[in-house]
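Biologist: Please show me the model, and then we can go through the strands, a helix, some loop residues and the pockets.

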Amino acid sequence: MKNYSLVSGVKLIVQTKSEDVNRILDEVCKIDKLTYGEYDRNYFLSPIGTAGYTPRKGSTSDVHLGTTDPQKIDSIELSFVCKKENLDRILETIINEHHYEQPNIQVQDVLTTRTSYNVNNKNPNRFWNKK
């Protein structure tokens, strides 16, 4: 007997500023609770890295910052899995909440696991059984 099942979903990876994460998640969770087993608001944040781009003439950076020079910015990756039927609304929400006019959002079809859930599981590897 299998101790797990597979659930279809869509994984989104969003490059953003760390100070925008909670605002984006708050709005996304109004559409999809980002449920994983018995837990809601499940997400992953990567460490801060450097993103780079070169603005074109007429871009927002050119118009508002007056530059077409290569740019580097601190960025993190926020990732989470949502239900496929919520994807369009979530993408619209992220685009609306994001600080860029062209947010870098990657979308991947995925399968995620769900285990047979038992809060009294005696498996010695579970955190509640470690003393």
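Modeller: Two strands pair if DSSP finds at least two bridges between them. This is a predicted model.

Biologist: How many bridges join β1 to β4, and in which sense do these strands run?

Modeller: One pair of partners is glutamine 15 and, in β4, glutamate 77. Pairing takes at least two bridges. The strands β1 and β4 run antiparallel, and the number of bridges that join them is seven.

Biologist: Which residue of β5 stands opposite leucine 12?

Modeller: Strand β5 covers residues 105-115 and pairs with β1 in the antiparallel sense. The pairing of β1 and β5 extends over eleven bridges. Opposite leucine 12 in β5 stands valine 107.

Biologist: Where around the axis of α1 do its buried residues lie?

Modeller: Helix α1 spans residues 21-28, and its buried residues are Val21, Ile24, Leu25 and Val28. They cover an arc of only 95 degrees around the axis, so they lie on the same side of α1. An α-helix has 3.6 residues a turn, so residues three or four places apart point the same way. The arc of 95 degrees thus places the buried residues on the same side of α1.

Biologist: Which elements do the buried residues of α1 pack against?

Modeller: The residues concerned are Val21, Ile24, Leu25 and Val28. Their partners include strands, among them β2 (44-45) and β4 (71-82). The full list is β1, β2, β4 and the helix α3 (87-97).

Biologist: Is leucine 34 buried or exposed?

Modeller: Leucine 34 lies in the loop between α1 and β2. Its phi is near 55 degrees, a positive value in a residue other than glycine. Buried means under 20% relative accessible area. Leucine 34 has 1% relative accessibility, so it counts as buried.

Biologist: What is the relative accessible area of arginine 41?

Modeller: Arginine 41 also sits in the loop between α1 and β2. Although arginine 41 is not a glycine, it has a positive phi of about 55 degrees. Partly exposed covers the range between under 20% and over 50%. Arginine 41 falls into that class because its relative accessible area is 29%.

Biologist: How far is lysine 2 from serine 116 in space, C-alpha to C-alpha?

Modeller: Lysine 2 belongs to the segment before β1 (4-16). With 56% relative accessibility, lysine 2 counts as exposed. In sequence, lysine 2 and serine 116 are 114 residues apart. In space, C-alpha to C-alpha, the distance is 8.5 Å.

Biologist: Which element supplies the largest share of the lining of the largest pocket?

Modeller: The largest pocket has a volume of about 510 Å³. Of its 19 lining residues, Tyr53, Ser61, Tyr100, Glu101 and Gln102 lie nearest its centre. Both β3 (49-53) and α2 (60-65) supply at least two residues of the lining. The largest share, four residues, comes from α2.

Biologist: How many residues of the lining of the largest pocket are charged?

Modeller: The lining holds 19 residues. Six of the lining residues are nonpolar and ten are polar. The number of charged residues is three.

Biologist: Which residues lie nearest the centre of the second largest pocket?

Modeller: The volume of the second largest pocket is about 390 Å³. By class, its lining has six nonpolar, seven polar and three charged residues. Among the 16 lining residues, those nearest the centre are Tyr39, Thr115, Ser116, Tyr117 and Asn118.

How values were computed: Residues are numbered from 1 along each chain as its sequence is written. This is a predicted model: local features need pLDDT of at least 70, side-chain atom pairs count only at pLDDT 80 or more; totals for chains, interfaces and linings use all residues. Side-chain values use heavy atoms; hydrogens and water are left out. On a 1 Å grid over the protein atoms alone, a cavity is a set of points where a 1.4 Å probe fits but cannot get out, and a pocket is an open set with protein on both sides within 12 Å along at least five of seven lines; lining residues have an atom within 4 Å of a point. Grid points are joined across faces, edges and corners, and a volume is the space filled by probe spheres set on the points. Ala, Val, Leu, Ile, Met, Phe, Trp, Tyr, Cys and Pro count as nonpolar, Asp, Glu, Lys and Arg as charged, and the others, Gly among them, as polar. Buried means under 20% relative accessible area, exposed over 50%, partly exposed in between (1.4 Å probe, protein chains only). The arc is that of the directions from the helix axis to the C-beta atoms. Contact means heavy atoms within 4.5 Å.
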